[in-house]
Every structure is written in C-alpha cells, then in structure tokens.
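Here are some notes for a colleague who is about to work with this model. Please read them alongside the coordinates.

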Amino acid sequence: MNFFGALMLRAKAVAPSNIAVVKYWGKRDEVLNLPATSSISVTLSRLKTEVCVSFDENLGQDEVFVEGERANEKTYGRVVAFLELIRAKTKVKMFARAESFSNFPVSSGLASSASFFAGLTLASANALSAEFTLQELARIARLGSGSAPRSMLGGAVEAVAGTSKDGSDFEVLQILPEERVPFALLVVMVESKGKAMSSRDGMNLCKTTSPYFHRWLEYNQELVDIARRALLDGDIKTVGEVAEASCFAMHGCCMSAKPPLFYWAPNTLSVIEQVFEMRKEGVLVYVTIDAGPHPVLLVPFDLVPIVRERVSKQKGVLDIIEERAGQGAKVL
Ligand code: PMV
C-alpha cells in the first residue's frame, strides 16, 4: 500500500550488459521479436543497469524515466508496449513507473537495451510476484530486446533461436560459468558522431535490402556451433577467430544494405588495424563490434596490460573499460 492506501507493488533488479561473440542480427518474426539466428555472448561484470518498477493503482498511465529524465517518445513507446505484455501475462491492470540507471553511456552500441530489458523483466516479475521459470523470463525479456535474454544468465551464454512459430523453443543456455571464461574484454570507447540507426531498424533494413542477408544467417549459425565447442575447450584462438568472422559478416551485411549502413567511425577502423598489427607480432587479441562504433577486444588475462597500453595511445580512443565475464541479472 502507498501513503494514500492504494495498492503499489514495487521491486528493483540489476542486470548486466553483454557483448556478443557470435552476433544476433535479423528477426524471423517481428511481432514476437524472434531471432533468425542463434547467438553467443559474454555477460559483463561491470556495465550494469538498475531498474526499479512500481505498479501503482494511483497512476493514470505508465511513466518511464531513464537516468532521472523522462524517456523520449520512442523509448517510452517501447517500454509501454513491453509493460502491456507483462500486464497481459499476469492479468494485472495497474500502470507502472519504471526508472533505470546505467553505469555506462546508454544508446551508444554497448547493449544498454539488453541490460535494461533484462532488469525490467526481472523487476516486474518480482513486483507482481509472478512465478516465471528462467526460460519464461528469457522469452519475456526477448520481447523487449533480442539480446536481453542473454543477460539473464552469467558467463558465456547461448540464445538458441529455435524453429517453432510461436517461439516456444527459444531458450538461453549457459555454456560456461563466469569463472571459466578464459579472457578479458576491453571495451574501447572511441570518438564518434553517435549511433547511426537502432538495431531494430538496422536489422530490418538488412533483411529487406542486403543481398547477403540469407547467407549471413546460414554462416552465423555455423559459427555458433564452432564457438560453443571452442568455449568449452578453452580455445581462445578459435573463439576470437569466430568472433571476428561473425562481427565482420554482420557489418558486411549492414554495409551492403540500401542505403549502406555503417556503424563504424573512422576510429573504429584504426583500432581494428591495430588489433591486426598486434596479432602479426604474436599478441593473441581479437576484436568484435556491436551496432555502434566501439570495438571490444577479447584478450587473455595475462596480455591485458600490454594491449591496454598499446590501444590507449591510439588517436581517437577516449577510454578503455576493462571487463570480464560476470553474473546474470539479479533481484535487489
Ligand atoms: O537486442 P538488440 O535489438 O539491441 O540487438 C542487438 C544486436 C547486436 O548487439 C548488434 C548483436 C548482439 O547479438 O547483441
């Protein structure tokens, strides 16, 4: 109950961001937000979003705040659509107030929608005392953002696309717990002019205009199988090679769309070149990039100081966030 005697159900959750080593890019069902290919990511230990949700009888509409500010129209619409689904599933009619705080820049290609929707799913389920299984939570989180289900679990996580029409065989599986992921991730923040296009719009553009889209899907599914095996074997070289293959195929698909879609900034390419240079010198380092300009480097733990030192000297590099695999979303 709140101060006025009206019913208010409140909960808070924290969810980590994740970085895909084998990308999700493309949907097989727009409404159910079902991925057209499986994907594998590493849940991060430091970059997180805290989400607080209050379902409140006194509210006449949903309220959404991001970093203390009212959400813009696009974000508001997306969150309200998600809350409608939660209400439909739980038969609750109350509107909600959702507030989120991230400890990293949102909408910059660092998967803030993944941590946000994983946190919102868990907080909402908890506030409403809804007893969902992990896979049910993952399927709900997916309706908000395709990469969000992977943030429900820690370590290296596979999102299995499944083939059923209703998405009932979509699931998330932990491949490795966080302590067994054998590399660090260096998130290299580069100077850029901001995000080109939302991933939702980018995926749609690729599906409708890229001549490579169908081949991309087949190829990426093969990469998922190789990456899973390599992670289980602790084979960093193969994981890194597959991560680059998936990243460049995804971005190749974007660049071949009409109009061409470039998520990279000139500084992104400079860091890629530097990674290739270091590898020629025998340093085991690989790069991946989500739908934004910031490269993420996969580096064995003992090589982190060398790689960090080299990349930090690169022109256009603003900051380097040192990450490793962490735990999945939690209720606070
Ligand atoms: O979850 P979305 O709709 O923001 O899409 C994520 C897409 C990528 O970050 C580029 C790839 C991925 O698998 O996370």
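1. Ala 161 is placed in the loop between β8 and β9, and it should be kept in mind that the model under discussion is a predicted one. With a relative accessible area of 5%, Ala 161 is buried, because buried means under 20%. Leaving aside neighbours within four places in sequence, Ala 161 is in contact with Arg 28, Leu 34, Pro 35, Ala 36, Thr 37, Ser 38 and Phe 170. Tyr 24 is 137 residues away from Ala 161 along the chain, and the C-alpha atoms of the two are separated by 9.3 Å.

2. Ser 38, one of the residues in contact with Ala 161, sits in the loop between β3 (34–35) and β4 (39–56). A polar atom of the Ser 38 side chain lies 3.0 Å from the backbone nitrogen of Ala 161. Ser 38 has a relative accessible area of 3% and is buried. Setting aside neighbours within four places in sequence, the contacts of Ser 38 are Lys 23, Glu 158, Ala 159, Val 160, Ala 161, Asn 220, Gln 221 and Val 224.

3. Is Ser 164, in the loop between β8 (156–160) and β9 (171–176), buried or exposed? Its relative accessibility is 18%, and Ser 164 counts as buried because the limit for that class is under 20%. The side chains of Ser 164 and Asp 169 are joined by a polar contact of 2.8 Å. Apart from residues up to four places away in sequence, Ser 164 touches Arg 28, Leu 34 and Asp 169; Arg 28 and Leu 34 also appear among the contacts of Ala 161.

4. Lys 165, likewise found in the loop between β8 and β9, is exposed, with a relative accessible area of 76%. Not counting residues up to four places away in sequence, Lys 165 touches Asp 29, Leu 32 and Leu 34. The C-alpha atoms of Lys 165 and Met 255 are separated by 30 Å, with the two positions 90 residues apart along the chain.

5. The second largest pocket has a volume of about 200 Å³. Its lining consists of Leu 32, Lys 89, Phe 132, Glu 136, Arg 139, Ile 140, Arg 142, Leu 143, Asp 166, Gly 167 and Ser 168, and these divide into four nonpolar, two polar and five charged residues. Which element supplies the largest share of this lining? That share, five residues, comes from α3.

6. Leu 143, one of the lining residues of the second largest pocket, lies in helix α3. Leaving aside neighbours within four places in sequence, Leu 143 is in contact with Val 31, Leu 32, Asn 33, Phe 82, Leu 85 and Arg 200; of these, Leu 32 is also part of the lining. Arg 78 is 65 residues from Leu 143 in sequence, and the C-alpha to C-alpha distance between them is 9.8 Å.

7. For the ligand, 14 residues lie around it, and those that come nearest are Tyr 24, Ser 145, Ser 147, Arg 150 and Ser 199. A polar backbone atom of Tyr 24 is 2.8 Å from an oxygen atom of the ligand. In the side chain of Ser 147, an N or O atom is 2.6 Å from a ligand oxygen atom, and a polar side-chain atom of Arg 150 lies 2.7 Å from an oxygen atom of the ligand.

8. Some backbone geometry deserves a separate look. Most residues other than glycine have a negative phi, and most peptide bonds are trans. Glu 67 is not a glycine, yet has a positive phi of about 55 degrees; it lies in the loop between β5 (63–66) and β6 (69–70) and, at 31% relative accessibility, counts as partly exposed. Ser 129, also not a glycine, has a positive phi of about 50 degrees; this residue lies in the loop between α2 (112–127) and α3 (134–144) and is exposed, with a relative accessible area of 60%.

9. The peptide bond joining Lys 258 and Pro 259 is cis, with an omega of about -5 degrees. Pro 259 is found in the loop between α6 (236–255) and α7 (266–280).

Key: Residues are numbered from 1 along each chain as its sequence is written. This is a predicted model: local features need pLDDT of at least 70, side-chain atom pairs count only at pLDDT 80 or more; totals for chains, interfaces and linings use all residues. Side-chain values use heavy atoms; hydrogens and water are left out. Buried means under 20% relative accessible area, exposed over 50%, partly exposed in between (1.4 Å probe, protein chains only). A polar contact is a pair of N or O atoms within 3.5 Å; within protein, one must be able to donate a hydrogen and the other to accept it, and residues adjacent in sequence count only if both atoms are side-chain atoms. Contact means heavy atoms within 4.5 Å. Helices (H or I, at least four residues) and strands (E, at least two) are DSSP runs, numbered from the N terminus. On a 1 Å grid over the protein atoms alone, a cavity is a set of points where a 1.4 Å probe fits but cannot get out, and a pocket is an open set with protein on both sides within 12 Å along at least five of seven lines; lining residues have an atom within 4 Å of a point. Grid points are joined across faces, edges and corners, and a volume is the space filled by probe spheres set on the points. Ala, Val, Leu, Ile, Met, Phe, Trp, Tyr, Cys and Pro count as nonpolar, Asp, Glu, Lys and Arg as charged, and the others, Gly among them, as polar. A residue is near a molecule or strand if one of its heavy atoms lies within 4 Å of it.
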